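Visitor: I would like to go through this structure term by term. Please justify each label as we go.

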Amino acid sequence: MDTSKFFEILIYTIPTIITGVIALYFFKLHTSNEENRRNFLLRKEKQNIALPLQLQAYERLALFLERISPAKLLIRVKPTGNEPIKYQNKLIQNIEQEFEHNLAQQIYVTDACWNAVVTSKNSMIQMIRTAAANKDVDTNDLLREQLIQNTMNTESPTTTALAFLKNEVKKLF
């Protein structure tokens with residue numbers, strides 16, 4: 001009798017255990033799907049908030065690159081006096097100030113993009129220093145002429161960085 005009672009209990013218990021395991025499996029599957037759905041919705045909402053900030057950062061960096069491009073920089077920053085070294089320092093100081101105003105934008109752009117912007121800034125400064133170091137450059141007008149001539153012969157570092165920036169923005173969409 002004990003064995004028949006044991007088998008009877010076993011017959012009732014096995015389907016209950018199987019049903020419980022199946023219910024647990026579906027419950028875990030359901031909660032996992034719900035968690036994934038919530039994470040997706042949170043990421044989507046976060047992206048809706050972050051995307052405008054990222055685009056604004058790319059816009060500001062594009063404006064920065066335009067402002068430090070040789071042609072626009074030389075038009076905006078007028079020489080005072082006739083000492084190329086002072087004008088060189090004034091141009092570099094202007095680039096550095098522009099850069100400092102846009103430092104926070106690095107948070108919203110990729111590291112590669114930020115590195116392109118920094119490299120462009122440093123290349124522009126180096127271009128100005130190289131032009132000013134030329135022995136033939138002894139007036140501000142000659143320095144300006146030399147800088148414009150350098151950008152006509154080779155592609156400006158700001159143009160290269162701006163192209164990289166535009167490429168990054170295309171990847172966002």
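Visitor: Which residues does L147 touch, leaving out those up to four places away in sequence?
Guide: This is a predicted model. In it, L147 touches L74, L91, M127, I128 and A131. A touch here is a contact, with heavy atoms within 4.5 Å.

Visitor: Where does L147 stand in the largest nonpolar core?
Guide: L147 is among the residues with the most contacts inside that core, along with L65, L91 and L165. The core has 30 residues. Six helices each supply at least two of them: α1 (2–67), α2 (70–76), α3, α4 (111–133), α5 (140–153) and α6 (157–172). With nine residues, α4 gives the most.

Visitor: Why is Q88 called buried?
Guide: Its relative accessible area is 10%. Buried means under 20%, so Q88 qualifies. Q88 sits in helix α3 (residues 84–101). Beyond four places in sequence, Q88 touches I128, R129, A132 and L143.

Visitor: What makes α1 roughly parallel to α4?
Guide: The two pack at an angle of about 15°, with axes 11 Å apart. Angles under 35 degrees count as roughly parallel, so α1 and α4 earn the label. The crossing of α1 past α4 is left-handed.

Visitor: Which residues make the contact of α1 and α4?
Guide: From α1 come Y58, L61, F64 and L65. From α4 come C113, W114, V117, S120 and K121. By class, seven are nonpolar, one is polar and one is charged.

Key. Residues are numbered from 1 along each chain as its sequence is written. This is a predicted model: local features need pLDDT of at least 70, side-chain atom pairs count only at pLDDT 80 or more; totals for chains, interfaces and linings use all residues. Side-chain values use heavy atoms; hydrogens and water are left out. Helices (H or I, at least four residues) and strands (E, at least two) are DSSP runs, numbered from the N terminus. Buried means under 20% relative accessible area, exposed over 50%, partly exposed in between (1.4 Å probe, protein chains only). A nonpolar core is a set of buried Ala, Val, Leu, Ile, Met, Phe, Trp, Tyr and Cys residues joined through side-chain atoms within 4.5 Å. Axes are lines fitted to C-alpha atoms, for helices over the stretch in contact, and angles run from 0 to 180 degrees between N-to-C directions. Angles under 35 degrees count as roughly parallel, over 145 as roughly antiparallel, 65 to 115 as roughly perpendicular and the rest as oblique. A crossing is left-handed if the near helix is turned anticlockwise from the far one by less than a right angle, and right-handed if clockwise. Ala, Val, Leu, Ile, Met, Phe, Trp, Tyr, Cys and Pro count as nonpolar, Asp, Glu, Lys and Arg as charged, and the others, Gly among them, as polar.
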